[in-house]
Protein chains: 2
Amino acid sequence: MISKKTKYALNALVHLAKKFEQGPVLISYISEQENIPQKFLEAILLDLKNAGILASKKGKGGGYYLIKPPEEVNVADVMRLLDGPIALLPCVTYKYYERCEECKDEETCGIRDVFMAVRNETVQILKQNTLASIIGKESVQK
Amino acid sequence: MISKKTKYALNALVHLAKKFEQGPVLISYISEQENIPQKFLEAILLDLKNAGILASKKGKGGGYYLIKPPEEVNVADVMRLLDGPIALLPCVTYKYYERCEECKDEETCGIRDVFMAVRNETVQILKQNTLASIIGKESVQK
DNA sequence: CCTAAAGTCTACTAATTTGGTATAGTTTAT
DNA sequence: ATAAACTATACCAAATTAGTAGACTTTAGG
């Protein structure tokens, strides 16, 4: 499962993407609209700011706003930022590679192959999906 | 990430699958060969027994053995048994469905669509992979 | 230049999950 | 009878998750 942190981040980002280039939005407003505890949201938005996805304006009339175009913010990047690696085994992560302690021979490990396949498919789907494509899906009738 | 419990279970199952229909194997032997803490392994094997995948024989000459054919034990089932749902959001699990608390309208949620796609792909890969196919992969040169 | 609005920083904390360990059984082959 | 082997119950420490509290800094506007 992804953490609440990542889920909240995605909801907040979609919210801000809908208001791209329309000026700063209050934390308190996002918190209220998206049902996210305000103090928790503050920490999340700060992370997203430090990652260069959002920017903020302090003081009266301030708030947060998206600085990257919605097509350029994908779900994989957001997940990695807040939850760490996407892979289900440490030995199949790309950036945070670690050997499985108990593993006898990684080279011939059939279990590793399975989770490598899962990781590759998952990352591909998550990379394809951006804030823009998510907003696109929301307007389609089902 | 999957838990150590699931990883250990898979290693133990692959071990037992290689000795399918060759009589019971000692917990202590599996523990030693696969580098799994013995007491922890005991609990895991018991879970697998209660799920009808393994059986055990008590007393001298006893141990655990696989009762399902290796082709019929897939990774998805093992993961669900020990780690619970495979999906990354509660609202896209099949058996353990739960609404996301903060969600405004699940029907039009674009985030949900993304994680639904991930779940479907993941489950498909994990179902395809059985103890037999894992053992098959291990003998292939890379 | 004061003040209220708004983001920022540091430090807690409670509940849950994970990855175990300890101890005392019970069953069974020999 | 006894030793080998699985079983059941009960702990427990560390890490992670999902927050909260409170003081601080910045800035627009009067």
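In chain B of this predicted model, strand β1, residues 54-57, runs antiparallel to β2(B), and 4 bridges join the two strands. One of the pairings links A55(B) to Y65(B) of β2(B). The hairpin that β1(B) and β2(B) form has 5 residues between the strands, and G59(B) takes a positive phi near 75° in this hairpin.

The side chains of β2(B) can be sorted by the face they point to. In a regular strand, side chains alternate between the two faces of the sheet. Along β2(B), Y64(B) and L66(B) point to one face and are buried, while G63(B) and Y65(B) point to the other face and are not buried.

The same hairpin leads to the DNA. G63(B) is among the closest of the 23 residues that surround DNA strand D, together with I27(B) from chain B and S3(A), P37(A) and G59(A) from chain A. Both chains therefore contribute elements to the surface near DNA strand D: α1 (4-17) and α3 (38-50) of chain A, and α2 (27-34), α3 (38-50) and β2 (63-66) of chain B, each give two or more residues. The largest share, 3 residues, comes from α3(B). Sorted by class, this surface holds 6 nonpolar, 8 polar and 9 charged residues.

DNA strand C has 24 residues around it, and the nearest are G63(A), S3(B), P37(B), K39(B) and G59(B). G59(B), described above for its positive phi, thus reappears here among the residues that come nearest to DNA strand C. The elements that give two or more residues to the surface near DNA strand C are α2 (27-34), α3 and β2 (63-66) of chain A, with α1 (4-18) and α3 of chain B. Here α3(A) gives the most, with 4 residues. By class, the surface near DNA strand C has 7 nonpolar, 8 polar and 9 charged residues.

The relation between the two protein chains comes next. Chain B is superposed on chain A by a rotation of 180° with 0.0 Å of shift along the axis, at an RMSD of 0.0 Å. That is the relation of a two-fold axis. The contact between the chains takes 32 residues from chain B and 32 residues from chain A. On the side of chain B that touches chain A, α1, α5 (110-128) and α6 (131-138) each supply at least two residues. The largest share of that side, 10 residues, comes from α5(B). Its residues divide into 17 nonpolar, 6 polar and 9 charged. Of the interface residues of chain B, 100% are also interface residues in chain A, so the copies meet through the same surface.

The largest nonpolar core has 75 residues, and those that touch the most other members are A9(A), A12(A), L13(A), A9(B), A12(B) and L13(B). Leaving aside residues up to four places away in sequence, L13(B) touches V73(B), V78(B) and L131(B).

Two loop residues of chain A have an unusual backbone sign for their residue type. E21(A) is not a glycine, yet has a positive phi of about 65°. E21(A) lies in the loop between α1 and α2 of chain A, and is exposed, with 8 other C-beta atoms within 10 Å. N35(A), also not a glycine, has a positive phi of about 55°. N35(A) is found in the loop between α2 and α3 of chain A. With 13 C-beta neighbours inside 10 Å, N35(A) counts as partly exposed.

Terms used
Residues numbered from 1 in each chain as written. Chains lettered and ligands numbered in written order. Predicted model: local features only at pLDDT ≥ 70, side-chain atom pairs only at ≥ 80, totals over all residues. Least-squares fit on C-alpha atoms with pLDDT ≥ 70 in both. Contact = placed C-beta atoms within 7 Å. Near = placed C-beta within 6 Å. Nonpolar A, V, L, I, M, F, W, Y, C, P; charged D, E, K, R; others polar. Buried ≥ 20, exposed ≤ 12 C-beta atoms within 10 Å, placed from the backbone. Pairing = 2+ DSSP bridges. Core = buried A, V, L, I, M, F, W, Y, C linked by C-beta atoms within 7 Å.
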